[in-house]
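User: Could you walk me through this model by telling me why each label applies? I'd like to see the values set against their cut-offs.

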Amino acid sequence: MTGPIVAAVQAAERGELDRTDAVLAVAPDDVEDLLHAKMTDDPQVPVAAHGVAASPGAASGRVCLTVDAVLDADDEGIPAVFVRPFTTPADEVAMSAAAAIITAKGGMASHAAVIARGWGIPAVVGVETLAVDLAAGKARLGDVDLCDGDPITVDGSAGTIMLGAAEVGDVEIPDELFTLLGWADELRGGRLAVRANTDDAHSARLAREFGATGVGLCRTEHMFLGERLPLIQRAITDGGPAALDALAEAQVEDQVELLEVMDGLPVTVRLLDPPLHEFLPDHPELVEENPMLGVRGARLGVLRPELYRAQAKAVAEAAARRLSAGGDPQVQIMVPLVVGGPELAHVQAAVAEELAGFGSRLGDRRIPVGAMIETPRSALAAAEIAACADFLSVGTNDLTQMTFGFCRDDIEARIMRPYIHHGLLEANPFETLDETGVGRLVADAVAAAHAARPGIEIGVCGEHGGDPASITFWAAAGVDYVSCSPHRVPVARLAAAQAVVASGSG
């Protein structure tokens, strides 16, 4: 059967539709359906549990409760389904090798969800009926024990889990998709660009193949995972020259590769924003009452300026190496979790001192330094932040969390379904932007920033950057670009074109 994308392109090529009508005839969901494996129409295995549909796609494999179990299965060529109470950076070596991920806790903006979407791995999180005892090496789903090696199936699009092996279809992407997306890009006419959230050269390469026009968010803390995790741990707990040099050199290597893949396109490198409970779980002296509101982002840069200085040097060094190799690095630095202009200026001063030392090696190139708008106060203080920022990027995950007072790791599994069922919320605000509260903060921030500094570039790099319904809002709000996980780039390209056409400014 011919799908809607193929049908629309063929109709346009026959002259039955013009290109604009062809682009408008396809729903963004039709694009997403093409990019991920799906369950067969009649799976023979019943649904055993529901959770948050955190990352689309489907996979069948064997239960793996430990990192070693995943790696062993990968060595044997057997799909592994990584089952955890929640995930941390220490788990990412296994997550990258897994066919699917299941966690008992978490929501759309949890660690497991963000990483899984970035890597295109199906994931269901916040499964309330799942209990995982890591010490005992056991798990239980409802009234059924789960053991390493048991067959299990995950549908990350539906948020369902099936005990047993179910048939999963193959991914087949027709050439017509890329034809349609090319037409969509033409309709946008340079408005509402689509960039990618990516932290390594591999995912950046995929994002560029999918049509991303840059990197809107490179989370540097995600460069220090698996075997590299001790590098960031030592840099935070020790902070001596040796620890900082090791952190910087590892970052340089990664960023040279990233800049090479994205040569000639903007790459926004976010300075460290590591929640300490995730990156340093075994350091009781650093335990915080509320880690998501603790020493993160710019606060870390104020308290430990040597960390941000080392990172700034690494960014400049990577850019200088690419220049000497004949490349065209378009890198910029972003300060996370800013709350006001004076704080940003304080951090910028330290960063600028380090960048100044690369003047001769960078020629006439300047590395812009901007800020994330991801707290309610930063949205309200957008004018004073814009006055000293080279660019702004709205981080909607944290902004949603702080505006609602909803913990993004805990709230969805327990609260979201009954709230939506009773009509207390129209949609999950971590999936689709809440226009009444969060949206008003963003719209006012964009207007204030543009009034204070006309022409300042403003983007969106939270998960809402890839949500079609939210993209309609971004077009109306006047942001310059959205940034999303690589696998959502094609969806965002179509949705952005449709939003621009609907706004009458395409």
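User: Why does Arg117 count as buried?

Analyst: Arg117 has 5% relative accessibility. Buried means a relative accessible area under 20%, exposed means over 50%, and partly exposed is in between (1.4 Å probe, protein chains only). At 5%, Arg117 therefore earns the label buried. Do keep in mind that this is a predicted model, where local features need pLDDT of at least 70 and side-chain atom pairs count only at pLDDT 80 or more, while totals for chains, interfaces and linings use all residues. Residues are numbered from 1 along each chain as its sequence is written, and side-chain values use heavy atoms, with hydrogens and water left out.

User: What makes Glu463 and Arg117 a salt bridge?

Analyst: Their closest N and O atoms are 3.0 Å apart. A salt bridge needs a side-chain nitrogen of Lys or Arg within 4 Å of a carboxyl oxygen of Asp or Glu, so the pair qualifies. This pair links distant parts of the chain, 346 residues apart: Glu463 is in the loop between β18 (457-460) and α21 (468-477), and Arg117 is in helix α6 (residues 111-119). Helices (H or I, at least four residues) and strands (E, at least two) are DSSP runs, numbered from the N terminus. Glu463 is buried too, because its relative accessibility is 8%.

User: Which other salt bridge links distant parts of the chain?

Analyst: One of them is Arg296 with Asp273, whose closest N and O atoms are 2.8 Å apart. Arg296 sits in the loop between α11 (276-279) and α12 (297-303), Asp273 in the loop between β14 (266-270) and α11, and 23 residues separate them. Both Arg296 and Asp273 are buried. By the same rule the count comes to 28 salt bridges.

User: Are Arg304 and Glu306 buried or exposed, and what pairs them?

Analyst: Arg304 and Glu306 form a salt bridge, with the closest N and O atoms 2.5 Å apart. Arg304 has a relative accessible area of 18%, so it counts as buried. Glu306 has 25% and is therefore partly exposed. There is also a network: Glu249, Glu317, Arg321 and Arg361 are joined by salt bridges that share partners.

User: Where is Arg361, and what is it in contact with?

Analyst: Arg361 belongs to helix α15 (residues 359-362). With 41% relative accessibility, Arg361 counts as partly exposed. Leaving aside neighbours within four places in sequence, Arg361 is in contact (heavy atoms within 4.5 Å) with Glu317, Ala320, Arg321 and Leu323. Arg361 and Ser378 are 17 residues apart in sequence, and their C-alpha atoms are 34 Å apart in space.

User: How many aromatic pairs are there, and why are they called what they are?

Analyst: The count comes to two aromatic pairs. Phe404 and Phe406 are 5.0 Å centre to centre, with 20° between the planes. Rings of Phe, Tyr and Trp (its six-membered ring) pair if their centres lie within 6.5 Å; planes under 30 degrees apart are stacked, over 60 edge-to-face, and the rest tilted. Phe404 and Phe406 are therefore a stacked pair. Phe473 and Trp474, at 5.4 Å centre to centre and 75° between the planes, are edge-to-face. Phe473 is buried at 14%, and Trp474 is buried at 0%.

User: What is notable about the phi of Leu192 and of Leu337?

Analyst: Leu192 has a positive phi, near 50°, although it is a residue other than glycine. Leu192 lies in the loop between α7 (175-188) and β12 (193-197), and at 1% relative accessible area it is buried. Leu337 has a positive phi of about 55° and is not a glycine either. Leu337 is in the loop between β15 (330-335) and α14 (341-356), and its 0% makes it buried.

User: Which strands stand at the edges of the β7-β8-β9 sheet, and why?

Analyst: This is an open sheet of three strands in the order β7-β8-β9, with antiparallel pairing. The edge strands are β7 (130-133) and β9 (144-146): each has a single partner strand, so one side of each is left without a neighbour in the sheet.

User: How do you know that β8 and β9 pair?

Analyst: Strands pair if DSSP finds at least two bridges between them, and three bridges join β8 (residues 138-141) to β9, so the rule is met. In one of these, Ala139 has Leu146 of β9 as its bridge partner.
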